[in-house]
Amino acid sequence: MTEEKWLYWCDTVHDPYFNMSMDEVLLSNSALQENRVLVRIYRWDRPSVSFGSAQICPQELADKYTLVRRPTGGGVVYHDVDLTYTVVVPPGHSIMQLDRMESYKVFHEALLMKMTEDGVEAVLENHGTDHVDRATMQCFVSPSRFDLVAPSGSKYAGAAQRRTRMGILHQGSIKLEAAGGSWEKLQQELLESLKLKFNIDFIPWQPPQPVIDEAEKLARIKYATDKWNINHEFDI
């Protein structure tokens with residue numbers, strides 16, 4: 001069976017606002033990827049907290065972290081000891097045919113296969129935490145269904161998605177402790193897990209300059225503003 005080719009962008013370190021704006025721009029420009037799935041792995045230039053698009057801004061954390069509202073759902077995620085990645089699935093791809101929970105589950109199944117192979121004890125959360133306040137939930141405190149957790153219940157990996165006519169934006173976070181604290185090892189494990197699960201190989205990719213320019217602009221006018229982060233408002 002012929003391997004499918006996905007695009008892989010090993011991005012660098014950016015501020016929280018650019019990180020989120022770039023993901024939104026990649027989804028809106030999914031046609032540039034020629035109907036290929038794109039995986040982006042990136043870093044944060046400071047201790048940060050991202051929170052879901054529908055969540056209440058956790059302003060009590062602002063003294064220690066830079067806060068940014070994501071374009072996807074989910075709750076509070078701390079970006080100081082994690083690896084973050086994005087998968088952009090274009091319209092027409094088979095993953096788009098899965099329902100929301102199945103498309104969430106399939107990426108964590110991939111991680112579970114590789115982590116188990118490497119001796120990490122982990123399982124998929126089957127039920128999620130009951131009675132969670134969805135407006136204030138903290139993702140790594142309150143595991144959701146199909147998150148990747150240790151047998152003790154502590155969370156290794158979670159994600160959030162957004163679906164539009166342009167495809168799926170899947171934003172994921174994995175604790176570095178899942179790879180002994182090594183960002184580089186965890187990066188390799190993530191890529192290998194996707195290769196095994198989806199029978200794919202990667203083509204190195206970089207966004208064209210107009211896409212970078214668009215993301216920089218969106219970071220300034222949306223993701224860096226109190227209007228978006230505190231009030232959840234944005235005017236085009």
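The exercises below walk through a predicted model, each with a worked solution. Residues are numbered from 1 along each chain as its sequence is written, and side-chain values use heavy atoms, with hydrogens and water left out. Because this is a predicted model, local features need pLDDT of at least 70 and side-chain atom pairs count only at pLDDT 80 or more, while totals for chains, interfaces and linings use all residues.

**Exercise 1. The nonpolar core**

Task: Find how many residues the largest nonpolar core has, and which elements supply at least two residues of this core.

Solution: Begin with the term itself: a nonpolar core is a set of buried Ala, Val, Leu, Ile, Met, Phe, Trp, Tyr and Cys residues joined through side-chain atoms within 4.5 Å. Buried means under 20% relative accessible area, exposed means over 50%, and partly exposed lies in between (1.4 Å probe, protein chains only). By this rule the largest core has 37 residues, and those with the most contacts inside it are Trp 6, Ile 41, Leu 83, Tyr 85, Phe 107, Leu 148 and Ile 174. Next, turn to the elements, where helices (H or I, at least four residues) and strands (E, at least two) are DSSP runs numbered from the N terminus. Among those that each supply at least two residues of the core are strand E1 (4-14), strand E2 (38-44), strand E6 (82-89), helix H2 (100-117) and helix H3 (183-198). Apart from this core lies another, of 23 residues, among them Leu 7, Met 166, Trp 205 and Leu 218. As general background, nonpolar side chains tend to be buried together in soluble globular proteins.

**Exercise 2. Leu 190 and its surroundings**

Task: Decide whether Leu 190 is buried or exposed, and list what Leu 190 touches beyond four places in sequence.

Solution: First place the residue, which is found in helix H3. Its relative accessible area is 1%, so Leu 190 is buried. Then look for contacts (heavy atoms within 4.5 Å): leaving out residues up to four places away in sequence, Leu 190 touches Ile 41, Leu 83, Tyr 85, Leu 111 and Ile 174. One of these pairs spans 107 residues along the chain, since the C-alpha atoms of Leu 190 and Leu 83 are separated by 9.6 Å. Seen from the other side, the contacts of Ile 41 under the same sequence limit include Tyr 8, Leu 83, Tyr 85, Trp 183, Leu 190 and Leu 191.

**Exercise 3. A buried arginine**

Task: Work out what lies around Arg 70, and how far away the nearest side chain of opposite charge is.

Solution: Arg 70 lies in the loop between strand E4 (66-69) and strand E5 (77-79). A salt bridge is a side-chain nitrogen of Lys or Arg within 4 Å of a carboxyl oxygen of Asp or Glu. Arg 70 is buried yet has no such bridge, and the nearest side chain of opposite charge, Asp 23, is 8.3 Å away. A polar atom of the Arg 70 side chain does, however, lie 2.9 Å from the backbone oxygen of Gly 75. Among the residues that Arg 70 touches, not counting those up to four places away in sequence, are Met 20, Phe 51, Gln 171, Tyr 223 and Trp 228.

**Exercise 4. Salt bridges across the sequence**

Task: Establish how many salt bridges the whole structure has, and which parts the pair Lys 222 and Glu 24 ties together.

Solution: A search of the whole structure finds twelve salt bridges. In one of them the side chains of Lys 222 and Glu 24 meet at 2.9 Å, N to O. Lys 222 lies in helix H4 (residues 209-223) and Glu 24 in helix H1 (residues 16-28), so the pair ties together parts that are 198 residues apart in sequence. Both partners are buried, Lys 222 at 6% relative accessibility and Glu 24 at 17%.

A further bridge joins Arg 43 and Glu 184, with the closest N and O atoms 3.2 Å apart. Because Arg 43 lies in strand E2 and Glu 184 in helix H3, this pair links parts that are 141 residues apart in sequence. Arg 43 counts as partly exposed, at 30% relative accessibility.

**Exercise 5. A bridge within one helix**

Task: Determine what separates Lys 114 and Glu 117 in helix H2.

Solution: Lys 114 and Glu 117 form a salt bridge, their closest N and O atoms being 3.1 Å apart. Being three residues apart in helix H2, they are separated by about one helical turn. Lys 114 counts as buried at 13% relative accessibility, whereas Glu 117 is exposed, with a relative accessible area of 53%.

Terms used: Lys, Arg positive; Asp, Glu negative; His and termini not counted. Polar contact = N/O pair within 3.5 Å; in protein donor to acceptor, adjacent residues only side chain to side chain.
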